[in-house]
Amino acid sequence: GAEVVFSVDCTKLKEYFLPGKREFDRIYFNFPHCGRKAGVVKNRELLACFFHSCAEVLAEQGEVHVALCNGQGGTPADQPRREWHNSWQIVAVAAGAGFILSDVHPFRAETIHGYKCTGYRSQDKSFCVEGALNHIFTRSTPPLCLTPMSCKTQLGSQKVSFQVPQVLADKINRGFLKVNSSHPVRTIKEKLSAGLSQAFPLQNISSCLPLLHQDHLQGVCHSNIFWIALSPGEAPSTEETSQGLENAVWFSHFGQDTDRSVQEGCPIPKQFYLRPSLLPHAQAIIQKGAFSPGTLHVLSGPVFRQCRITPCSMPVFHEMLVVLAVRRGTENSCIQMLVDNIKTTTSSLHQAVSGIKPSISLQEATSFGTELNDFAAFECQLGEIQHFICMGTDPDPSGSCVGVIRTAPDELKSSELVVVSVSLNLDLLAMLLCGISDWRMLWTSDRRFLQQFPEGELRLFKSFSLYPPSYVHDVSFWVPDGEEFDEVAFHTLARRVSGEMVISIQLRDSFQQPGTGRRSLCYRVTFQSCDRALGCREAAEMQLRFREEMQQHLGVTLR
């Protein structure tokens with residue numbers, strides 16, 4: 001009962017079907033080949049034209065199935081795997097047309113009714129399909145078109161608006177922690193709160209916490225902060241600001257100030273920045289007296305920190321801050337109760353998801369042997385830490401830091417009470433519990449991510465974009481004389497220009513010119529997306545824009 005059309009050019013599919021018949025649910029192409037002795041380049045070109053043609057006739061939720069002989073695809077699924085340059089590079093070719101590889105499995109000719117391998121030119125020669133693979137492609141979400149975005153927040157007694165840094169434009173106000181959200185970070189936050197509420201009276205502080213802080217960051221490196229300029233004419237007066245934010249915006253008793261103007265005794269101009277932590281908000285609540293000793297106070301929300309690019313370094317993540325006032329001398333036992341409770345909850349969650357019990361440990365800050373991740377390193381800037389909470393799973397049982405514990409005897413003006421606070425990185429916990437290897441996946445706009453967590457149920461995540469292609473570009477430049485190169489600003493610029501498509505930046509070479517003393521740096525930049533199609537041409541365009549922006553914003557001279 002099917003309609004059969006002959007002499008169809010696979011690179012011009014829309015020409016053979018009327019507009020009403022173009023929405024195909026599946027398109028199959030078994031063992032494409034240009035014919036004769038065509039090399040890998042010709043066959044890549046055939047596939048590229050085929051995928052572009054598919055994009056014009058495939059339904060939105062449709063699939064493209066391409067069967068290739070063993071080794072042709074060039075993916076890790078091929079056994080043995082060919083060298084990349086000697087393969088058809090099918091994932092990179094499909095990405096150029098907006099497709100991602102969502103599944104791959106063995107091609108079994110015997111399971112297809114009526115399928116027959118006719119051999120070469122219908123001669124009695126067998127066509128080898130042993131080890132052949134069927135590659136299943138789906139449409140990628142379209143590229144992000146980030147336009148300038150304004151955001152309103154409460155500051156003092158008035159609402160002010162500010163322009164959101166472009167690197168955060170798709171991450172501000174996503175509402176992952178809202179009541180109707182099924183996002184894993186909210187599920188983990190709710191499960192932790194439920195567990196803690198069985199051991200302590202618990203109060204969720206649901207009032208709207210301001211996104212902006214102001215001025216004076218003692219101990220915190222200014223390159224780690226997202227600085228904000230208020231929209232023209234909206235800066236509140238000093239009196240309004242101090243009354244409205246009170247001590248929530250001051251980082252007090254947090255160690256040595258790294259700001260040059262403070263060290264030199266210069267006055268600091270009034271500046272605003274996106275909150276890098278919820279700790280100052282907790283301090284403000286304590287100092288206002290709106291704090292019940294013996295009750296757990298839970299604050300949660302996104303916080304923002306400029307950082308270097310790694311799979312686990314996040315410019316924005318959801319912090320859960322637990323604060324408790326206890327009697328002096330009992331803080332150690334209370335800390336142990338809190339940690340045991342968190343251990344029990346996370347262990348039960350991880351076992352339910354993967355069947356494996358994670359390793360959760362409490363490590364003294366003075367004897368912490370593991371290299372600090374970016375989360376822990378920044379927390380150290382905020383003030384003295386007593387303990388690190390580390391969570392590990394196979395194959396790395398030593399784990400990484402997901403939380404820190406502090407005690408602050410001076411926060412309450414009482415000789416009998418001590419404040420204990422626990423700060424948890426919910427995004428890191430979600431990655432470890434659900435097997436998510438790249439933090440960017442938590443922020444994807446692709447509906448297939450949240451579909452794996454129905455009604456907030458935690459499950460082991462299965463990527464819908466397999467073997468994403470990566471593209472390596474090097475950039476070399478002269479650093480301005482007498483200036484220290486700001487690597488964090490360099491990484492943040494790469495994030496912004498690429499739309500978070502850079503997965504790695506590695507210093508390859510540092511050179512100082514004899515005689516002049518000029519310094520040159522060479523970095524290797526790797527572009528790769530975790531959730532959408534990224535073609536080689538798009539990556540090359542990003543690299544060109546990156547080079548232009550480097551000269552404009554970092555003052556370097558390209559080589």
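In the predicted model, helix 1 (residues 40-54) has 15 residues, which at 1.5 Å a residue should span 21 Å, and its end C-alpha atoms are indeed 21 Å apart. The buried residues of helix 1 are Val40, Asn43, Arg44, Leu46, Leu47, Phe50, Phe51, Ser53 and Cys54. An α-helix has 3.6 residues a turn, so residues three or four places apart point the same way. The cover over the buried positions of helix 1 includes strand 1 (24-30), strand 2, helix 2, strand 3 (99-106) and strand 4 (133-139).

The protein as a whole contains twelve helices and 20 strands. Of its 559 residues, 51% count as buried. Among contacts with a separation of 6 or more, 73% are between residues 24 or more positions apart.

Several local features fall in the loop between strand 2 (58-68) and helix 2 (90-95), where Ser87 lies. Ser87 has a relative accessibility of 0% and therefore counts as buried. Beyond residues up to four places away in sequence, Ser87 touches Val40, Arg44, Gly71, Gln72, Gly73 and Gly74. Two of these partners, Val40 and Arg44, are among the buried residues of helix 1. Pro80 is found in the loop between strand 2 and helix 2 as well, and the peptide bond that joins Gln79 to Pro80 is cis, with omega near 0 degrees. Gln89 also lies in this loop. Although Gln89 is not a glycine, its phi is positive, at about 50 degrees. With 14% relative accessibility, Gln89 counts as buried. Most residues other than glycine have a negative phi, and most peptide bonds are trans.

A positive phi is also found at Asn173, which is not a glycine and has a value of about 55 degrees. Asn173 is located in the loop between strand 6 (158-163) and helix 3. Its relative accessibility is 58%, so Asn173 counts as exposed, whereas Gln89 is buried.

Helix 7 (residues 331-354) comprises 24 residues and extends 34 Å from its first C-alpha to its last, close to the 34 Å expected at 1.5 Å a residue. The residue that follows helix 7 is Gly355, with a positive phi near 80 degrees. Helix 7 packs against helix 3 (residues 184-197): the two axes come within 9 Å and cross at roughly 135 degrees. Helix 3 is therefore oblique to helix 7. The crossing of these two helices is right-handed. Helix 3 contributes Lys191, Leu192, Gly195 and Leu196 to the contact, and helix 7 contributes Leu338, Asn341, Ile342, Thr345, Thr346 and Leu349. By class, the residues in the contact of helix 3 with helix 7 are five nonpolar, four polar and one charged.

A further helix pair is formed by helix 11 (residues 487-498) and helix 12 (residues 536-554), whose axes come within 10 Å and cross at roughly 135 degrees. At this angle, helix 11 is oblique to helix 12. The handedness of the crossing of helix 11 and helix 12 is right-handed. On the side of helix 11, the contact is made by Ala489, Phe490, Leu493, Ala494, Arg496, Val497 and Ser498; on the side of helix 12, by Met542, Arg545, Phe546, Glu549, Met550, His553 and Leu554. Nine of the residues in the contact of helix 11 with helix 12 are nonpolar, two are polar and three are charged.

Leu442 occupies the loop between helix 9 (426-434) and helix 10 (447-450). With a relative accessible area of 1%, Leu442 is buried, the threshold for this class being under 20%. Apart from neighbours within four places in sequence, Leu442 is in contact with Phe176, His183, Asp427, Ala430, Met431, Ile436 and Phe449. Of these partners, His183 is separated from Leu442 by 259 residues in sequence, while the C-alpha atoms of His183 and Leu442 are 8.4 Å apart in space.

Technical notes. Residues are numbered from 1 along each chain as its sequence is written. This is a predicted model: local features need pLDDT of at least 70, side-chain atom pairs count only at pLDDT 80 or more; totals for chains, interfaces and linings use all residues. Side-chain values use heavy atoms; hydrogens and water are left out. Helices (H or I, at least four residues) and strands (E, at least two) are DSSP runs, numbered from the N terminus. Buried means under 20% relative accessible area, exposed over 50%, partly exposed in between (1.4 Å probe, protein chains only). Contact means heavy atoms within 4.5 Å. Axes are lines fitted to C-alpha atoms, for helices over the stretch in contact, and angles run from 0 to 180 degrees between N-to-C directions. Angles under 35 degrees count as roughly parallel, over 145 as roughly antiparallel, 65 to 115 as roughly perpendicular and the rest as oblique. A crossing is left-handed if the near helix is turned anticlockwise from the far one by less than a right angle, and right-handed if clockwise. Ala, Val, Leu, Ile, Met, Phe, Trp, Tyr, Cys and Pro count as nonpolar, Asp, Glu, Lys and Arg as charged, and the others, Gly among them, as polar. The expected span of a helix is 1.5 Å times one less than its number of residues.
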